[in-house]
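Reader: I would like a close look at the aromatic side chains of this protein, taken slowly and with the reasoning spelled out. Please go on from there to a few neighbouring details that help to place them.

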Amino acid sequence: MTSEIDVGSRAGVKGGGDIAGRRIGTGRRGDQVFALSARASGILLLAIMAAIGVFLVWRAIPALQANEANFLTEEEWNPNATPPVFGIAQLAFGTLMSSFLALLMATPVAIGIALFISFYAPRRLAAGLGYLVDLLAAVPSIVYGLWGLHYFNTKMDDVGRFLNEYFGWIPLFGGDSVGGRSLLTASVILAIMILPIISSITREVFLQVPNANVEAALALGATRWEVIKLAVLPFGRSGMISAAMLGLGRALGETIAVAMVLSTAAGISIHILKDGGNTIAANIANSFAEAGETGRGALIASGLVLFVITLVVNMTARAIVARRKEFV
């Protein structure tokens, strides 16, 4: 009786071992398939980016060869002239200025919203506010552009005059030609557009803070703000930087809203209240329909510059996050 049980048990163990072995083998094959798929996806992404870069360079070379000005330092944009004269200086300046101003305005507000929803608001209110903020990201760019063109421009006209009158001694708010369709107006619109992106990602990072860190700070007698300062913000620093850089990438490439809000004006000016300006994306949207062969090549060349700027911004963000990875 005992021998039969032992034999049966050994058989069961042996069979179970075979099953376990087959399961482990299946798991290993699954891991290998997953690893290969992930590696192939990464390589495919790099190949797509390289193909985009090669295409932009290939289509831009004829226009750059025909250009009679320095593409990087020339402020005038007239690729349809004979001979063509165009440069990226003013467009790059307007793109970077409006995007960084939008980032400066949106990031503190987005972090404040994320902190309020995560740690201060009641649970039901926090859920509703979270949905409401996320809903802003679903609003199309054309809606922001129409709102800015028909309503917000007139309001910013008065704000611009106020800033120019009382703070004109600051170079950014100086100048004579003050209007509503300025870089400041475009920056505010961009800030509203990137606000939900930064806030949503930052909120998710804050919710990942270990409860042990929060409870330890509370056990030591820390106030709610001290808990946030000592436990939440250090942990979420890399996530906040990543969220801000993602919002900056959205601002750099925004087209329709900026094209509708910002009036075109030539020349580089540090006066953000000046009526007029231009960005790379808005210039592509406004000029592509009437561009000739050289003009399309020039616009593609400007798109290549925007591609490089975005790539540099993302690489910088990755480097900053890598230095802060001990908080992740």
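**Aromatic pairs and their surroundings**

Author: Phenylalanine 119 is a good place to begin, and in this predicted model the residue is partly exposed, because its relative accessible area is 24% and partly exposed covers values between the 20% limit for buried and the 50% limit for exposed. Phenylalanine 206, in contrast, counts as buried, with a relative accessibility of 1%.

These two residues belong together, since a pair requires ring centres within 6.5 Å, and by this rule the count comes to 8 aromatic pairs. Phenylalanine 119 and phenylalanine 206 form one of them, with 6.4 Å from centre to centre and 50 degrees between the planes, and the pair is tilted. Because phenylalanine 119 lies in helix 2 (residues 89-120) and phenylalanine 206 in helix 5 (residues 183-207), the pair ties together parts that are 87 residues apart in sequence. The rings of phenylalanine 162 and tyrosine 166 have their centres 5.0 Å apart and their planes at 45 degrees, so this pair is tilted as well. Here both partners lie in helix 4 (residues 141-167), and they are 4 residues apart, about one turn of the helix. Phenylalanine 162 is partly exposed, its relative accessible area being 45%. Elsewhere, Phe71, Trp77 and Phe86 form one aromatic cluster.

Helix 5 also holds serine 199, which is buried, with a relative accessible area of 0%. Once residues up to four places away in sequence are set aside, serine 199 touches Ala110, Ile113, Ala114 and Val133.

The unreviewed UniProt entry places the feature "transmembrane region" at several spans, among them residues 33-58 and 178-198. In the model, residues 33-58 are 100% helix and 0% strand, with their end C-alpha atoms 36 Å apart, whereas residues 178-198 are 76% helix and 0% strand, with their end C-alpha atoms 31 Å apart.

A last detail concerns threonine 255, which sits in the loop between helix 7 (224-253) and helix 8 (256-261) and is partly exposed, with a relative accessible area of 23%. The side chain of threonine 255 reaches the backbone oxygen of glycine 253 at 3.3 Å. Leaving aside neighbours within four places in sequence, threonine 255 is in contact with Ala281, Ala282 and Ala285. Asparagine 283 is 28 residues from threonine 255 in sequence, and the two C-alpha atoms are 8.4 Å apart in space.

Note on methods. Residues are numbered from 1 along each chain as its sequence is written. This is a predicted model: local features need pLDDT of at least 70, side-chain atom pairs count only at pLDDT 80 or more; totals for chains, interfaces and linings use all residues. Side-chain values use heavy atoms; hydrogens and water are left out. Rings of Phe, Tyr and Trp (its six-membered ring) pair if their centres lie within 6.5 Å; planes under 30 degrees apart count as stacked, over 60 as edge-to-face and the rest as tilted. Helices (H or I, at least four residues) and strands (E, at least two) are DSSP runs, numbered from the N terminus. Buried means under 20% relative accessible area, exposed over 50%, partly exposed in between (1.4 Å probe, protein chains only). Contact means heavy atoms within 4.5 Å. UniProt positions are given in the numbering used here, feature names are shortened, and annotations may be inferred rather than shown by experiment. A polar contact is a pair of N or O atoms within 3.5 Å; within protein, one must be able to donate a hydrogen and the other to accept it, and residues adjacent in sequence count only if both atoms are side-chain atoms.
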